[in-house]
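Please open the structure in a viewer and keep the selection panel at hand. The stops below are meant to be taken in order.

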Amino acid sequence: MELLKEKHYEFIISESYKSEDKFSFWWSEYLRVSGCFWGLSALYLLDIGKDSEYITKEKVVEFVKSCYDKKAGGFGGFQGHDAHILYSTSALQLLALFDALDSIEEYKPDILSWLSSLQRSDGSIRGSVTDGDVDNRFSMCMMICLSILGQLSIDKPSNLDEKGSDHCHDTSSVPSKSFLYTTSPIIDCSKAAEFIMSCYNETDGGFGARPGAESHGGQMYCCIGSLCALRRLGQYFNPYLDHSSKLKGSSHVSCSSCSHRLTKTYLWFSERQLPCGGLNGRPEKKEDVCYSWWLISGYSILRKMESIWTLESDTESTQEDDKEKDDKEKEKEEPTPEQQQLDDGGYIDYLSLQRFILSCQDIESGGIADRPEDMPDLILRKMESIWTLESDTESTQEDDKEKDDKEKEKEEPTPEQQQLDDGGYIDYLSLQRFILSCQDIESGGIADRPEDMPDLYHLFFGVAGLALIGDPRVKRISPIYALPQEIVDRLMLVSEL
Amino acid sequence: MHGIKKGDKTFEVSQETITKYRKLVKLVFARKAAKKYDDQTLMLTKTVLGLNKEFYSLWNYRKDAISSRLRDEVDFEKDEKDKEEESSKESETYSLLPELISSELKFTEAFIAKNAKVYPVWDHRMFLIITLWNRYATHSVKESLRTVFRDILENEISLCSKCLSVDGRNFHCWNYRTEIRKMYENEIYLHYKDQITTTWESYCSELKDVALSDLEFTQSMIKSNFSNHSAWHRRSGALKLLFKASLLEICGYDDYLFIPTYSAPLSKFIELVSDHSMIIKLTEVISDRIKLEYEFSQAAFYVLPDDESSWRFIVWLLRDAEWWNDNLDTFRSEILASFWTMVEELIKLEDSAKWPKLSILLLSELLINYNGEKKTVDVFRKDDVFLAFYYKNTKMGGDGGTIATKRDVVVQQIRERLGESVFKGQSLYTCSISGKPLEEGNICVDKLGNLFCYDVILKNLIDKSMPLRFSHISTRKNVIRINSKVFQHGILCELSKSVLSKSNPFFVYSPCGCACAKGLCEQIIGFEMEISPQKDMIVCPACRLKYLERIEIGS
């Protein structure tokens, strides 16, 4: 099915500028900043409306600054509204999107001290000072805010703090990378991670909003994303860590072992897809487009991390100097966008894929030149990504343009479906079809389910879902920061990936 | 918008209302900036919030107003107290639940009755309860206030019950209820804190009551809807509390044990128990309860044999729950055996249900430990692809394994619709296209290391029906036929006769078609390089023919 880019553009503009006579416009004032982010970010991902007269950097910056709550030190949903971490996150994401973070340099100290006041002694994060609600959604928001403001850094291995770990590993067998935790001068990162893990439900492998709360799809993004930004996901989910701690001969399955957790969490994810292709947030619930983001983001983080852990454990066997390891890690971190495409192998092993491509190169006129229209685009696209990885530094705008053109050409002979990443436990193909079927053909926009009313929230999360599963018509998105990957790379935001 | 059908006009109001709303918002913000906390403030925000429940800034304003007015009240009381220093009847005049808060509770209750899925409303109510808690906890004379406070909490629980009877899956309400339950625990802790050595038993029994009443509540919720995952989840929490309280009761007073109960995992406590008679008692309590739970969930299995929630609960109960220890081994083995029989019976009745089989798989490690391996396999039909896949992955030594469940079913449906064959991942024993087991003389491999039946490849090439995934195979020459022998569908190494597996990857040489264990090949090549270091020594180690390509399979 077609992705109605033009229609979505019209929808976003009409939502933002033309609906003042509708109550919903005023009713939704309290989340205007978020609405603005959803709309503009969707446009960015769809790569449309760049030259629109409606959207200019100046207007956006002016609007975002007008939402700043001077008394508290954070952003509200609209001019005059109270500061809240949800809207501060959207505000900062908007500024990052428009490369305008320097415009709030003067507020930065106040924002940081406000953010710092939101962490409670148990590591949890409140939404605002007045409203004492605790929820892991706010932990994720905190990570995004701190990272965009440059307050997260990667710790040196020497400063490791083992207290945070709830199971004691034999330290000698642990790959050094997992000790490169994220630290921040603003909050206690270890405690934040501990709190998130206290919300992990042994019963089903999901995460709840608070300790003891039922697992929920939205929390999968928030918790896995936060842990990844904190670089502590491996500590709890890396299956290669618990070889040493395995009880020999015991009949009791250690329910706190990493591999056990990982499997259980995958089982939670795999059960969320319904026959229609869409995902639900909890068992026995209906499908909803927004879970294409909430679930697939967390899911793809885990899958990417798993492949990184596998690579690590492979390289671990060869003895290396610590210094070399550090260098290697640095190298590994740089080519994230390409790696992202690479790592997402699923049932297709990308190493063997690489081998295949290399064998193609030897034959030269073999596979590709013979019958190019028969070649699967999935493989071609991955080949490109590997080639770009190899000539990583040379990638210029021209290349991108060429790539775009190439992809456009390919779209015609074969449907876009074949370009999707392989989903593993979740079938991306039917998910893609589901998201597209939720589009409103007349007015544009995406609804939670087919035939429902579209809104900006579902439009953004639908488009973001398409971006996550690798739809070529949409730009890539970071599963952690909910920002386009290009921007995350430009800002060099910290994460375990 | 969530669940709003297209064309639904409930969200549209008249232009007048819009104008009125905008005026009101302006007015309220002006008062908010001026920090006016009078009755009119409460009235005005009430009107605006009635039109827009999500307006968090106004909820904040109300919170500020309430806090400020309560502070004034305290200051006033203090002044009064200073005046009449004699007054020691503080507790009698002190109202734990001031009018201000009780009316606010009613106010939010009305909102919840209308729409129980609004974050700020529940937050606001939580704020009120926390305010009450602080008033209670910091007050010097708690004894007489205890019943009042317990009534307040009890009222919250019954509000939740009402709310959950309308929508049994409302997570806002469940989460709020969980917080209220934690407050119960806090209250009990606070109450007994000072004379704990003498009142240990009542402390434990009150904790137990909290757990038992939750078990009762979730039981009634589950009975009315067996697939209520929220209720099953809460039940697991209540069980943890019950066992912890039982453990405290059995062990008797101990400083170390006396900490708010939800903060430490039960397993840590169990480790501390060393006395034999205590262990026996504890084992008894736990096994009795688990028996009850098992029987209860059995009812669910028969009513809804393929419902995720109850099966997840039983898998957690029998496999993951934190209280299992060596003393419970006998009991565990019995209950697992009974479970097995039950599931086998169920599978006979409901062959198409997935979860019974999946639960056996998830428990397979335990079942094998207690009941031997052979039986597990009998449970599955041959066409249960996803189960077989999972089973193979966990048994093949893959750490943690791969679970392919609903996904495969979904994929299968779609592929069938698209006329493609089922996609099963890279298999070492079956054809990647047709899924047929590999047979000697009929095996080929592509350059990626995917294994196929050769006749299937030929058929697909002739029919031009090659799945898109394998469309890099466009002629017969794109695949290499494997000549090696096969044992039970697994390819045998030409040199060592070992079977191909994930832990024993092979090299296939082209054009000769020999397959040899990778490790062995590398050893041989290394050895030969040592004795005759010729650079173009590229022969197949099995048949000694020059090879052009070498493909790795099983890695």
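What follows is a walk through a predicted model, one selection at a time.

**Stop 1: the domains of chain B**

Select residues 92-194 of chain B, which the domain assignment gives as domain 1, and then 426-553, given as domain 2. Taken over C-alpha atoms, the centres of domain 1 and domain 2 of chain B are separated by 68 Å.

**Stop 2: a sheet in chain B**

Next, select β1, β2 and β3 of chain B. They form an open sheet of 3 strands in the order β2-β1-β3, and the pairing is antiparallel. Which strands stand at the edges? They are β2 (451-453) and β3 (480-482) of chain B; each has a single partner strand, so one side of each has no neighbour in the sheet. On average, neighbouring strands of this sheet are turned by 40° against each other, direction ignored.

Now colour β1 of chain B, residues 443-445. Its antiparallel pairing with β2(B) runs over 3 bridges. To find one residue pair, pick Val445(B), which stands opposite Leu451(B) in β2(B).

Then add helix α20 of chain B, residues 454-463. This helix lies across β1, β2 and β3 of chain B and runs at about 75° to β2(B).

**Stop 3: the nonpolar cores**

Move to Val33(A), Met142(A), Val463(A) and Ala464(A). Within the largest nonpolar core, which has 206 residues, these four touch the most other members. Helix α10 of chain B (residues 229-251) supplies the largest share of this core, 11 residues.

What is Ala464(A) in contact with, leaving aside its neighbours within four places in sequence? Select Leu45(A), Trp293(A), Ile477(A) and Ala482(A) to show these contacts.

A second core, separate from the one above, has 36 residues. Among them are Leu438(B), Cys453(B), Cys512(B) and Cys514(B).

**Stop 4: Ser437(A)**

Finish at Ser437(A), found in helix α19 of chain A, which covers residues 428-437. Is Ser437(A) buried, exposed or partly exposed? It has 17 C-beta neighbours inside 10 Å; a buried residue would need 20 or more, and an exposed one would have 12 or fewer. Ser437(A) therefore counts as partly exposed.

Leaving aside neighbours within four places in sequence, Ser437(A) is in contact with Met1(A) and Pro450(A). As a last selection, take the C-alpha atoms of Ser437(A) and Ala447(A): these residues are 10 apart along the chain, and the atoms are separated by 9.2 Å.

Note on methods
Residues are numbered from 1 along each chain as its sequence is written. Chains are lettered from A and ligands numbered from 1 in the order in which they are written. This is a predicted model: local features need pLDDT of at least 70, side-chain atom pairs count only at pLDDT 80 or more; totals for chains, interfaces and linings use all residues. Two strands pair if DSSP finds at least two bridges between them. Helices (H or I, at least four residues) and strands (E, at least two) are DSSP runs, numbered from the N terminus. Axes are lines fitted to C-alpha atoms, for helices over the stretch in contact, and angles run from 0 to 180 degrees between N-to-C directions. Two residues are in contact if their C-beta atoms, placed from the backbone, lie within 7 Å. Domain bounds come from an automatic or database domain assignment. A nonpolar core is a set of buried Ala, Val, Leu, Ile, Met, Phe, Trp, Tyr and Cys residues joined through C-beta atoms within 7 Å.
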